[in-house]
Amino acid sequence: QLQASGGGLVQAGGSLRLSCAASGQAFSNYAVGWFRQAPGKEREFVAAISWSGGTTRYPDSAKGRFTVSRDNAKNTVYLQMNSLKPEDTAVYYCAAGSLVVVYTTGYRYWGQGTQVTVSS
């Protein structure tokens, strides 16, 4: 099971750190992706990290602002989000899979999401 946490309400320009904690599985064997979904929109890719942490991927919208990292000893992946914008408002999900990919179907296990709201 995956549990995303750390969401909340923040002003534009602020920061949040999301956590994705895993239990009941060999989390360190999986790549982890972060996705987000705003009301009325499709789920979109935000960041991903390989099992070792050696490979990361971001869309252009996140580069330079978001950083994904992991601590396999704690079975946790983090998403540090800086310089937040109102358009970053969404429910953020973490997911685990075999490869570092940008599409949702590439991930087998999903958490239930955490709400991030950025006010202008």
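How many helices and how many strands does the protein have? I looked this up before anything else, keeping in mind that the model is predicted. I found 0 helices and 11 strands. Reading along the sequence, I noted the pattern β-β-β-β-β-β-β-β-β-β-β.

Overall dimensions came next. The radius of gyration is 13 Å, close to the 14 Å from the globule rule for 120 residues, so I entered the protein as being as compact as a globular protein of that length. Along the principal axes, the C-alpha atoms fill a box of roughly 40 × 25 × 25 Å.

I then checked burial and contacts. Of the 120 residues, 45% are buried. Taking contacts between residues at least 6 apart in sequence, I noted that 56% join residues at least 24 apart.

For the surface, I recorded an exposed area of about 6100 Å², with 47% of it supplied by carbon and sulfur atoms. I listed 11 positive and 6 negative side chains, and the centres of these two sets lie 6 Å apart.

My last entry concerns one residue, Thr76. I located Thr76 in strand 8, which covers residues 76-81. Is Thr76 buried or exposed? Its relative accessibility is 10%, and the cut-off for buried is under 20%, so I put Thr76 down as buried. The side chain of Thr76 reaches the backbone oxygen of Lys74 at 2.8 Å. Leaving out residues up to four places away in sequence, I found Thr76 touching Ser19, Cys20 and Ala21, and also Phe27, Arg70 and Asp71.

Note on methods. Residues are numbered from 1 along each chain as its sequence is written. This is a predicted model: local features need pLDDT of at least 70, side-chain atom pairs count only at pLDDT 80 or more; totals for chains, interfaces and linings use all residues. Side-chain values use heavy atoms; hydrogens and water are left out. Helices (H or I, at least four residues) and strands (E, at least two) are DSSP runs, numbered from the N terminus. The radius of gyration is taken over C-alpha atoms; the globule rule is 2.2 Å times the number of residues to the power 0.38. Buried means under 20% relative accessible area, exposed over 50%, partly exposed in between (1.4 Å probe, protein chains only). Contact means heavy atoms within 4.5 Å. Accessible areas come from the Shrake-Rupley method with a 1.4 Å probe; for residues, only the protein chains shown count as cover. Lys and Arg count as positive and Asp and Glu as negative; His and the chain ends are not counted. The place of a charge is taken as NZ of Lys, CZ of Arg, CG of Asp or CD of Glu. A polar contact is a pair of N or O atoms within 3.5 Å; within protein, one must be able to donate a hydrogen and the other to accept it, and residues adjacent in sequence count only if both atoms are side-chain atoms.
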